[in-house]
Amino acid sequence: MAHFAEINGSNIVTRIIVVNNDECLDGEGNESEAVGVARCVALFGGTWVQTSYNARIRKNYAGIGYTWDSTRNAFIPVQPFASWTLDETTCRWEAPTARPDDGNKYKWDESVTNWIQV
């Protein structure tokens, strides 16, 4: 199955659909993103970009509210906290300090920009 994300005029993902692989084949029987996109447009209109459930393309599987960044060729999640920065390699947000790896549970506290044990 192929997955496609609908992108609004602000490059925000508004929905994701699944398209049967047979509906994404070109005239030579090869899977084609362009054919899949054309199928989505024919059915629903709008702007569509293929996403990959296993993130083999476009860095991350698209989610509602994610941003499509055509320059990075990536779907970028919503920034969880103002202090977090985008890792340019993975296009995922990272905390300013690593989560402790001591077996305890932690949550991020933006007021102190650190992990707090729960």
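**Group meeting: two buried residues in a predicted model**

Let me start with Glu6. Its relative accessibility is 14%, so Glu6 counts as buried; the cut-off is under 20%. Keep in mind that this is a predicted model.

Where does Glu6 lie? In strand E1, which runs over residues 2-7.

Which side chain joins Glu6 in a polar contact? That of Arg15, at 2.6 Å. Arg15 also appears in the contact list of Glu6, once neighbours within four places in sequence are left aside. Two stretches make up that list. One is Ile12, Val13, Thr14 and Arg15. The other is Gly45, Gly46, Thr47 and Trp48.

Now step back to the whole chain. We have 1 helix and 9 strands. What is the order along the sequence? The pattern reads β-β-α-β-β-β-β-β-β-β. Two strands come before the helix, and the rest of the pattern is strands.

Next, overall dimensions. The radius of gyration is 18 Å. A compact globule of 118 residues would come out near 13 Å. Along the principal axes, the C-alpha atoms fill a box of roughly 55 × 30 × 25 Å.

How much of the protein is buried? Of the 118 residues, 31% count as such. Glu6 meets that criterion, at 14% relative accessibility.

On to contacts. Take those with a separation of 6 or more. Residues 24 or more positions apart account for 36% of them.

The surface, quickly. About 7200 Å² is exposed. Carbon and sulfur atoms supply 48% of that area.

Charges next. There are 10 positive side chains and 15 negative ones. How far apart are the centres of the two sets? They lie 4 Å apart.

My second residue is Cys91. This one sits in a loop, between strand E6 (85-87) and strand E7 (92-94). Is Cys91 buried or exposed? Its relative accessible area is 0%, so Cys91 is buried.

What does Cys91 touch, beyond residues up to four places away in sequence? Lys59 and Asn60, for a start. Then Arg72, along with Ala74, Phe75, Ile76 and Pro77. Leu86 is on the list as well. Take Ile76 from that set. Cys91 and Ile76 are 15 residues apart along the chain. Their C-alpha atoms are separated by 5.8 Å.

To close, put the two side by side. Glu6 is in a strand, and Cys91 is in a loop. Glu6 is buried at 14%, and Cys91 is buried at 0%.

Terms used
Residues are numbered from 1 along each chain as its sequence is written. This is a predicted model: local features need pLDDT of at least 70, side-chain atom pairs count only at pLDDT 80 or more; totals for chains, interfaces and linings use all residues. Side-chain values use heavy atoms; hydrogens and water are left out. Helices (H or I, at least four residues) and strands (E, at least two) are DSSP runs, numbered from the N terminus. The radius of gyration is taken over C-alpha atoms; the globule rule is 2.2 Å times the number of residues to the power 0.38. Buried means under 20% relative accessible area, exposed over 50%, partly exposed in between (1.4 Å probe, protein chains only). Contact means heavy atoms within 4.5 Å. Accessible areas come from the Shrake-Rupley method with a 1.4 Å probe; for residues, only the protein chains shown count as cover. Lys and Arg count as positive and Asp and Glu as negative; His and the chain ends are not counted. The place of a charge is taken as NZ of Lys, CZ of Arg, CG of Asp or CD of Glu. A polar contact is a pair of N or O atoms within 3.5 Å; within protein, one must be able to donate a hydrogen and the other to accept it, and residues adjacent in sequence count only if both atoms are side-chain atoms.
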